[in-house]
Amino acid sequence: MRSSKQGLKFGLLLFFNQYVDLMETLNVMSAVMSSESKPPTPTPADTYKGWLFKWTNYIKGYQRRWFVLSNGLLSYYRTQAEMGHTCRGTINLATANIVVEDSCNFVISNGGAQTYHLKASCEVERQRWITALELAKAKAFHMQDLSDESSDEASEAPNASGQGGGGRNVEIQSTLRTLGSKVEDLGTCNDLIVKHGSALQRSLSELEGIHEAADMSEKIRQVTERATLFRITSNAMINACRDFLSVAQHHSKRWQKALQLERAQRIRLEETLEQLAKQHNHLERAFRGATVLLPSRSNMDLASKGAISGKGDASDEDDDNEFFDAMEEPAEFITIPADPKYHRRSSSNVSRQSNETGMDDLSFDELSLASGPESPQHHEPQPVRRRRTRIPEKPNYYLNLWSIMKNCIGKELSKIPMPVNFNEPLSMLQRLSEDLEYYELLDKASKCPSSLEQMCYVAAFTVSSYSTTVHRTSKPFNPLLGETFELDRLRECGYRSLCEQVSHHPPAAAHHAISEKGWTLRQEITLASKFRGKYLSILPFGSIHCIFDKSANHYTWKKVTTTVHNIIVGKLWIDQSGEIDVVNHKTGDRCHLKFTPYSYFSRDVPRKVTGVVTDKDGKAHYVLSGTWDEKMEFSRIMQSSKSENGAEGKQRTVYQTLKAKEIWRKNPLPEGAENMYYFSSLALTLNEPEEGVAPTDSRRRPDQRLMEKGYWDEANAEKQRLEEKQRMARREREWEIVKAAVTPEDAVHPDSYQALWFEKIDEPTLGESMHVYKGGYWETKDSGGGWDVCPDIF
C-alpha cells in the first residue's frame, strides 16, 4: 500500500511540474495577445521644414539645402521645387545620433553610413530643429519597437479605406477575440486544476498518516473522488489546449501566407523604385545633354555651351559628396552631334572631306561595323560536334569567408590555402582562354583596309574580354606548374589556342592563339592579388600582343585592375577600373580607353567605358563609348574644339560626331546560368572532357572535375594532395640544381623550371621578356600521341 501511494504521489508531482511549464508558456502568450488586441493609436505624423546649411566638401564648404522632417525621416533637397521628384538624401532618425557642436552647428549620424554636418542660421533656429528632431526620434524609436506585422496591419487598416484593409482588421480582431476566449478557458481550467490538485495532495498526505483500518476506507474513497475530479479537470485542460492549438495553427498558416505576400509586394515595389530611379537618372542626363546640344551660331558657341555644361556637372552635388568625400572627376571630353552639312556631303565634296578628316576615314564604312554580312550577331558557324550546354548545378554549401580570410589580410592570395567552396570549376588557364569568346571582332579587324578602323575592332575586343566577369565572383583554380589547356576550335571557328602555366611563384601563364583569318594573339599574364579586408584587388601584369598578317599591324595593351567588393559583409560584386592604351606599333595609332570605377551616387551609367582613337599626330578620328558588361558603340569625329571647364579652369575637348553605331554586344547568358556559376555558353564547354588532349590539360585535373560534379569534400582532399605533390616536385628540382652546382652562384636561383611548349625571349616591340609559343604541341596532337614529354602533375 505504501509503495503504491508513493508511486501515485510521484506521478502527480511529475504532472504538476509539466503543468507549471505549460501554464507559464500560456501566460506569456496571453500577455502578448492582450497587447496585440489593443494596438497603439496612431498619431498624425509631425512635419517640420526649413532651410539649413549642409557641409558638402572642403572646396564648396556649406551649401544651402531645403530639409523636410516627416514620419521619423529627415530628407533634403536642393530647392523646394525638387520635393516632388528628386530627393538628395534621407536618414532614419530611429537609429540616428544627434550631437550639438556649438551655437549653430549640429551633426546627425546613423553609425557611419550617413553623416550630415548641418548649420542653422541662428541659435534659435538650431534649437527648434533639435527639439523637432529629438521628438521625431523618440516617436520613431517607439514605433520601431512596436513594429510587429499584425500590429502594423491593425494600425494601417483604418487608413486603407476602400482597399480591403478594414476587412483584414475585422478578421484579425475576430481571431484575436477567439484566441482570447480560448486563453480564458485555459485560465479557468488552471484554477480548477490548482484547486482539485491541492485537495488531492492534502488527501494523500492524510492517507500517509493513517494507522487504523477503520479510517482507511473513508480516506481512500475521498482520494478516489478527488482523483476523479482532477482527471476530469485535466481532460478539460487538455481539450482546451487542443482547441487553442488548432485555432492558432489554422490562423498561423494564413498569416504566414499573408506575410509572404507582403514580402513579395515589397520586393516588387523596391524593384519598381529602382527602375524609376534609373529612368529618372537617364532623363536627367538626357536633359543635360539636350541643353548642350542646342544649335549654335559658331563652334565657339558650342565650346562655351560645353563649358557651361561642364560647370553645371561640377557644381551639382552628388549624394556621395558627403563629409570627407572627394569630388567627382569631370569628363575629359564631351560629344555632340555633328553639323548636318557633314551628313549631306555629296560626292563632289569628297576631296575636301579627305583633307579635313584624313584618307583613313574615307575607307571606313560606318555600316560595316554594325550591319555587315560578317557581323558577329548574324554569322553563326556550324559546329562539327555537339557541345554541352549545361553542367551540374552549384551545391548550396555555406562557408564563412571571414573565418578563413581574417588572418590573411595583406598576404598574397596565391599563397593562401583556399577550399574549393570559393572556386568555380575552371582553372585560370581556362579563364584566360575565355578572352577569345568574341573572336569575330578580330576576324573582322583582319579584313579592315584602314588601320584606324582596325583599331576600333581591337579596342572593342579588349573591352569584350571583361564581359564574362560581371557576375563571376568565384575564384578559378590556381593552375599547377606545367598545367596546360588547349582550346581547339579550328574547324568550328578557325582558331586554336594553347595556355601553359610557366611559373608558380609568382603565378604566370603564357597564352598563344592563331587563326586562319590572319591574326595571332599572344600574352603572358602574371597576377598579384591582395586582400585588403573589405575588398580584394587583382592586379594583372604583362602585355597582350595582337599581330595581323596582311597589314603587319602589331597592337599591344595591358589589362586593368579587377576589384571584388563586399568580401566580409554584403553581396559580392566585381568592378573593373583603370586605363588602357591600345597602341599600333607600326602606324603609331593609339586608342585610350578609360574604365570608370562604379559609384552608387554617380550620374554615369554603371561600368562605363570611353575611348578615343587617334593617329600618330594625336588627331582624334573616332570615339568609343559603352559598358564593359553589355555593349560598345563607335562614332566618327567630324570636328573638334576646346572648351574650358569654368569650375576648375581645365580644358575639355568637344567632339562633333556622326550618329553612333554598335560595334559589339554581349551574348546573353544561357538559361539557368545563375545556378551554373554564371558561365557563358563558351565557359560551359571549357571543362568538357575531350579525347586526345595532353595529360597535363586542365580537363584532366581531378579536384576540378570532382568539384564540377558536386563532390566538394572529395575535391578539397584531392586539391590538398595535388598541392603537396607540387611542393615535393619543387623540392626535388631544387635539390637536383644544388647537387649539380659547381659554384655557390649556380644555386642562387634553384627553381629554374623550363616550360614545355613556351620559351622566354626578349620581345623587341616593348623591350621586355616574355614567354612565346615555340611550337610542337599541335604537331604532337595531330600525330596521334607522343605525350611522354609531359610531366606527371596530376
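## Rings, charges and a short helix

Let's start with a charge over a ring: the charged end of Lys559 sits over the ring of Tyr466, 5.4 Å from its centre. Keep in mind that this is a predicted model. Arg64 does a similar job with Trp51, its charged end lying over that ring at 3.9 Å from the centre.

Now for rings that meet other rings. Searching the whole structure turns up 17 aromatic pairs. Two of them are set out here, and both are edge-to-face.

| Pair | Centre to centre | Angle between planes |
|---|---|---|
| Phe548 and Tyr555 | 5.8 Å | 90° |
| Trp757 and Tyr777 | 5.2 Å | 90° |

Phe548 and Tyr555 are both buried, and the same goes for Trp757 and Tyr777. What does the pair of Trp757 and Tyr777 tie together? Trp757 belongs to the loop between helix H16 (712-740) and strand S26 (758-763), while Tyr777 is in helix H17 (residues 777-782), so the pair links parts that are 20 residues apart in sequence. These two rings also have company: ring pairs join Trp757, Tyr777, Trp778 and Trp787 into a cluster.

Last stop, helix H15 (residues 702-709). Which of its residues are buried? They are Asp703, Gln704, Arg705, Met707 and Glu708. As for their neighbours, the buried residues of H15 pack against strand S9 (423-427), helix H11 (428-433), strand S10 (475-477) and H16. Just past the end of H15 comes Gly710, with a positive phi of about 100°.

Conventions:
Residues numbered from 1 in each chain as written. Predicted model: local features only at pLDDT ≥ 70, side-chain atom pairs only at ≥ 80, totals over all residues. Heavy atoms only, no water. Phe/Tyr/Trp six-rings, centres within 6.5 Å; stacked < 30°, edge-to-face > 60°. Buried < 20%, exposed > 50% of the residue type's maximum accessible area, 1.4 Å probe, protein only. Helix = DSSP H or I, 4+ residues; strand = E, 2+ residues; numbered from the N terminus. Lys NZ or Arg CZ within 6 Å of the ring centre and 35° of its normal. Contact = heavy atoms within 4.5 Å.
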